[in-house]
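Below is a short report on the fold of one protein chain. It moves from the chain as a whole to single helices, the core and the loops.

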Amino acid sequence: MKKRNEYSRKGSFFYKLTTNGSSETEEQISGLFHEVEQQVEAGNPAFVPDIYYSLQRKGCNRKQAYTMIVTQYAKEKYLAQRENRAFDKKRYESSLRAANRTFTEPMDVRYVPLEIEKELNAVFEDITDHEIDEDYEYCAEKLLAVWPRTKEYIIHYLYRDTNTGIEKPELCDVSELSDYNLTFDSFLPDMAMILGNAERYEEEIAYCKDILDLFRWEVSDPDEYKDDIGMALKDSGNRQAAVQWYEDWLTEDPDNGNCINAYAFMLQTEDDIDGALRLVEAHLPEGEPTAWKYHNLYLRAGELYDAIGDTDRAKHYRDLEKACFETDPDFPAFDGFEHFSEDEDGWKLKPVVKEKKIYPNDPCPCGSGKKYKKCCGKA
């Protein structure tokens with residue numbers, strides 16, 4: 001009677017790799033990925049890197065390409081064990097090339113869990129748990145320890161090699177690329193806030209620059225991280241560098257309301273109300289359009305006119321800022337769902353109102369006068 005082994009039983013890692021991707025096999029699956037990664041790096045067998053880059057030219061990111069290859073590699077290992085024969089490179093090549101020929105849609109590549117992904121999710125969740133207790137030094141140390149591995153993961157698995165160079169992912173696409181199994185991307189904006197609250201300003205600046213470099217920004221909004229860099233420069237005592245940062249940002253993007261708002265807020269925190277107001281007034285758009293990109297600029301104008309006692313103009317710009325939400329294509333946020341409430345007239349449809357985004361360096365909505373990240377944002 002032939003002895004059963006880990007490749008032949010239904011509970012084997014190959015079975016779970018090609019069916020349900022059970023977390024019980026993460027170590028084994030990660031081992032298979034490592035073997036295929038070595039094959040690509042060494043170019044042995046030679047057909048493996050050929051298929052790896054071919055799959056990426058068809059739209060796969062690096063992990064999706066690895067997953068396609070690993071599936072065929074595991075299949076041949078499984079069959080060789082079951083049939084009690086040596087691993088056959090020619091059969092491996094044949095099945096891999098066949099899979100590549102019929103491949104059409106990257107999003108059909110099933111997500112499989114890796115040890116590194118489980119590790120990253122756990123560490124970032126631990127950081128946010130301790131953030132609630134305001135243990136910022138602990139959070140900062142944990143982040144700085146795991147950040148090199150996080151960057152390595154993003155580059156090694158989420159980038160894509162194309163005919164024209166390397167394509168980076170959008171930050172907003174990370175969860176979708178992992179079939180919503182990766183959660184660490186949702187914590188990344190808070191990490192800059194944590195470093196700032198721990199007064200680790202140099203590390204905060206380096207972290208934000210890493211984020212700006214790691215991803216592409218055609219859809220996602222990089223302004224929050226740029227704002228964090230400017231305020232970290234200022235908070236670290238390097239005001240001249242902060243001013244230069246905002247000036248360079250304005251030169252690059254002179255119509256950016258978030259930049260003007262952040263720059264003016266820095267001046268406002270230094271009690272330079274006149275300087276902040278001059279900056280804002282110089283960039284208020286003609287005709288005062290209620291476009292989303294101006295909402296933070298109008299918000300800052302309202303704050304500054306209020307500070308000099310011009311309540312009528314303050315109200316005018318606050319009303320414009322509110323109107324920007326109504327012209328935002330995502331507002332009102334019905335988002336495909338109907339929400340109901342019952343009153344004396346019966347059931348009525350109610351829209352889901354989009355919450356206003358608060359950036360870490362915005363004034364805290366509680367009215368304390370502090371930055372959000374130094375006040376309610378700590379929690």
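Among contacts in the chain between residues at least 6 apart in sequence, what percentage join residues at least 24 apart? The figure is 61%. The model is predicted.

**Overview**

The chain has 379 residues, and 47% of them are buried. Its secondary structure comes to 16 helices and four strands.

**The largest nonpolar core**

The largest nonpolar core holds 94 residues. Within this core, I69, F124, Y153, L188 and Y207 touch the most other members. Helix α7 gives the most to this core, with ten residues.

L188 has a list of partners beyond its sequence neighbours. With those within four places left aside, L188 contacts F124, W147, L171, Y207, I211, F215 and Y225. Two of the residues named for the core, F124 and Y207, appear in this list.

**Helices α6 and α11**

Helix α6 covers residues 115-132, which is 18 residues. From first C-alpha to last, α6 reaches 27 Å, close to the expected 26 Å. Its buried residues are I116, E117, L120, N121, V123, F124, D126, I127, T128 and E131. The cover over these buried residues includes α4 (62-82), α7 (136-158) and α9 (188-197). Just after α6, E134 takes a positive phi of about 60°.

Helix α11 covers residues 223-235, which is 13 residues. Its C-alpha span is 18 Å, close to the 18 Å expected. How many of the 13 residues of α11 are buried? Eleven are, and α11 is mostly covered. The buried set runs through D223, E224, Y225, K226, D227, D228, I229, G230, M231, A232 and L233. Against these residues pack α9, α10 (201-214), α12 (239-252) and α13 (257-269). G237 follows α11 and has a positive phi, near 95°.

**The α4 and α5 pair**

Helix α5 spans residues 89-102. It packs with α4 at an angle of about 145°, and the two axes are 9 Å apart. The crossing is right-handed. On the α4 side, the contact is made by M68, I69, Q72, Y73, E76 and L79. On the α5 side, R91, Y92, S95, L96 and A99 take part. By class, the residues of this contact divide into seven nonpolar, two polar and two charged. One of them, I69, is also among the residues named for the core.

**K63 in α4**

K63 lies in helix α4. Is K63 buried or exposed? K63 has a relative accessible area of 7%, so it counts as buried, the cut-off being under 20%. With neighbours within four places left aside, K63 contacts F33, Y111, V112, L114, E117, Y153 and Y157. E117 is itself one of the buried residues of α6, and Y153 is named for the core. K63 also pairs across the sequence with R160: they are 97 residues apart along the chain, and their C-alpha atoms are separated by 8.8 Å.

A second pair of this kind involves E176, placed in helix α8 (residues 174-177). E176 and M107 are 69 residues apart along the chain, with C-alpha atoms separated by 9.2 Å. E176 has 40% relative accessibility, so it counts as partly exposed.

**Backbone in the loops**

The peptide bond from N44 to P45 is cis, with omega near 0°. P45 sits in the loop between α2 (26-42) and α3 (47-57).

Two other loops hold residues with positive phi that are not glycines, D271 and E288. D271 is in the loop between α13 and α14 (273-283). E288 is in the loop between α14 and α15 (295-307). Why do their accessibility classes read as they do? D271 counts as exposed because its relative accessibility is 68%, and the cut-off for that class is over 50%. E288 counts as partly exposed because its relative accessibility is 25%.

The residues with positive phi are collected here.

| Residue | Phi | Place |
|---|---|---|
| E134 | about 60° | just after α6 |
| G237 | near 95° | following α11 |
| D271 | about 65° | loop between α13 and α14 |
| E288 | about 45° | loop between α14 and α15 |

Note on methods: Residues numbered from 1 in each chain as written. Predicted model: local features only at pLDDT ≥ 70, side-chain atom pairs only at ≥ 80, totals over all residues. Heavy atoms only, no water. Helix = DSSP H or I, 4+ residues; strand = E, 2+ residues; numbered from the N terminus. Expected span 1.5 Å × (residues − 1). Buried < 20%, exposed > 50% of the residue type's maximum accessible area, 1.4 Å probe, protein only. Contact = heavy atoms within 4.5 Å. Axes fitted to C-alpha atoms, helices over the stretch in contact; angles between N-to-C directions. Left-handed = near helix turned anticlockwise from the far one by under 90°. Nonpolar A, V, L, I, M, F, W, Y, C, P; charged D, E, K, R; others polar. Core = buried A, V, L, I, M, F, W, Y, C linked by side-chain atoms within 4.5 Å.
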